[in-house]
Amino acid sequence: MTYQNINLPTTGEKIKIKNGTLHVPDQPVVGFIEGDGIGPDITNACLRVWDAAVEKAYDGNRKIHWCELYLGEKAAGLYDGDYFPAETLAAIRDLVIAIKGPLTTPVGGGFRSLNVSLRQELDLYACVRPVRYYQNVPSPLKEPEKVDVVIFRENTEDVYAGLEYQSGTKENKKLANFLRDEMGARFFDDAGLGVKPISPFGSKRLVRKAIQFAIDNRRESVTLVHKGNIMKFTEGAFRNWGYELAKEEFAEHTVTEEELYTTHGGKCPPGKIIIKDRIADIIFQLLLLRPAEFDVLATMNLNGDYLSDAVAAEVGGVGIAPGANIADHVAVFEATHGTAPKYANQNKVNPSSLLLSGVMMLEYIGWKEAADLINAAYPKVIGDKFVTYDFARLMDGAHIVSTSTFADALIAKVTGDADDLSRLEEERRQALETERKEREAKRIADPLQAMKESGRQPATSAGIMSPITSVASSATVDEAMHTMRETDISYILVEPDNGGDWGIMTKRDVVTKIVGANKSTANVRVEEIATRPLITVTADAGLRAVSMVLSQNNIRRVVVENKDVPVGVVSDTDLFEVVQEFGWDPED
Ligand code: NAP
């Protein structure tokens, strides 16, 4: 392919897509777009850091061959006023991967935002924003190190689809009449109208990407974020299609949160990703209060827009947040801030957003070792209080440095003791892994508490049951009472008798059938006073069904069975606690 202004490097090889996977040579050609305003300052600084990290990580055996591409003001200068040259699009498709600085949206003249155009032209349907904490970065949270999420935001649908009809226009009236006359809709006169399209295709391709990422990166969970309790056929449908996709395409790799409790007693089967969902407003609260509970998030366009910036603010603000817009394979990594024109060419601003987008890019092409070097060097430089003016405003005793000096300081760390740096990233991973195990232990020991903490509202018996403790039928009442005292429970399950039935012995049985009947606890066997057969519910029984079984049988606790084996017990107190914690809305 020949280009008008783009000079493909004479060295290096193109990245290829073969059989649906990315093939990255050791000497790949990657596109970069400087961007406008502060773009050149940050791009030049970052290129040096990325190159140094790659060189150090692979002893010079790998190298990126950069190819400059043009968009925005620089393009307009080269392409006769064209801010968005077609050959740049062609080159990004051809090179597969590019990284870009911020772009000015030309004011007036009916220009679309260049960023929006780029997303639409290349169908970059997933906006990916990893948000993690780097030690020493100023943060408003008490425990910012618990934030480590990757948000996959759908980029093409939702209220961003441009289907809006202004109040007072002919089109608006036409749609309003149709909605009122044909669909029986009711709304105030002259309301502006917008349409919110959410399709199975758009939802599923986004969720597919999120799950695949979670599998590739051994993440713990994927949370589908939605407001499906209010918008059932758009937001609720997104949730349903997400679960459907997980089942259709990733059954071997995933387990739903429901199954985690109902079938696996809170223990995640090895190698599986937990698929869960949360209501959009609650997730904002949870990401502030319990960020560790969340990992990969899949969202629709509007929810993701709000959420990305809100979560980024928890760990240093959008000024350092990296991002990428990704199609099936083609990916454009970018600084998420704007061109800050008042700081252009002053070598002053913070290059972190673009820098960390480059780290994402290195991870995307599988060059994890180079990414790790930067990830580990970054907090060290901030820890030395070598920061650009924006961070200096938030720190005491900072040394304010220029964009290029910040890059020099990073390069010095990156090219220093690499073993020391890779150990830091490994330690961080280990800490996250330990926390993951602790969460699992909590889920197993106290599912209701674990659910409260993770913002999940339990809906089934398995979600609120306590694990069972049992004794053999032949055990004496003394032995059973000893176990009950040790485990602090008021009942005990009795293992199958000759007829194969499980039973239950409660405190009340001891009072009435031992004391009342004047027998000895040491001589009577539990099988003699146990109640058999058990009254049971299935693990997926809804909470209302459970309460009906309790009241119809006039009992205080019911045994939960999974495939005919008791797995837990639900008491009226457990049910009461759920209602106390979450309230009760009548079931559909
Ligand atoms: P902006 O360029 O992001 O700048 C707003 C303020 O954010 C700056 O004045 C500065 O705050 C701070 N800031 C931004 N980047 C920084 C950095 N790297 N280091 C330190 N501080 C940084 O937003 P804007 O002024 O609204 O937009 C300017 C232009 O950028 C517009 O043409 C807009 O369309 C475009 N834009 C492009 C993109 C993109 O290409 N992805 C995204 C957003 C906006 P202080 O003044 O407080 O220091």
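**View 1. Strands S6 and S7 pair in the antiparallel sense in this predicted model.** S6 covers residues 126–132 and S7 covers residues 148–154. Their pairing runs over 7 bridges. Arginine 132 stands opposite aspartate 148 of S7.

**View 2. Helix H10 lies across four named strands.** The helix spans residues 301–314. It lies across S6, S7, S10 (221–226) and S13 (296–299). H10 runs at about 155° to S7.

**View 3. An open sheet holds 11 strands with mixed pairing.** The strand order is S4-S3-S5-S15-S14-S6-S7-S13-S10-S12-S11. Strand S4 (65–68) and strand S11 (254–256) form the edges. Each edge strand has a single partner, so one side of each lacks a neighbour in the sheet. On average, neighbouring strands of this sheet are turned by 25° against each other, direction ignored.

**View 4. Polar atoms of the protein approach the ligand.** A polar side-chain atom of asparagine 115 sits 2.9 Å from a ligand oxygen atom. Histidine 337 places a polar side-chain atom 3.2 Å from a nitrogen atom of the ligand. At glycine 338, a polar backbone atom is 2.7 Å from a ligand oxygen atom. Taken alone, the ligand exposes 880 Å². The protein buries 65% of that area.

**View 5. A shell of 20 residues surrounds the ligand.** Leu103, Gly338, Ala340, Asn350 and Tyr389 come nearest. By class, the shell has 9 nonpolar, 7 polar and 4 charged residues.

Conventions
Residues are numbered from 1 along each chain as its sequence is written. This is a predicted model: local features need pLDDT of at least 70, side-chain atom pairs count only at pLDDT 80 or more; totals for chains, interfaces and linings use all residues. Side-chain values use heavy atoms; hydrogens and water are left out. A residue is near a molecule or strand if one of its heavy atoms lies within 4 Å of it. A polar contact is a pair of N or O atoms within 3.5 Å; within protein, one must be able to donate a hydrogen and the other to accept it, and residues adjacent in sequence count only if both atoms are side-chain atoms. Accessible areas come from the Shrake-Rupley method with a 1.4 Å probe; for residues, only the protein chains shown count as cover. Ala, Val, Leu, Ile, Met, Phe, Trp, Tyr, Cys and Pro count as nonpolar, Asp, Glu, Lys and Arg as charged, and the others, Gly among them, as polar. Two strands pair if DSSP finds at least two bridges between them. Helices (H or I, at least four residues) and strands (E, at least two) are DSSP runs, numbered from the N terminus. Axes are lines fitted to C-alpha atoms, for helices over the stretch in contact, and angles run from 0 to 180 degrees between N-to-C directions. Contact means heavy atoms within 4.5 Å.
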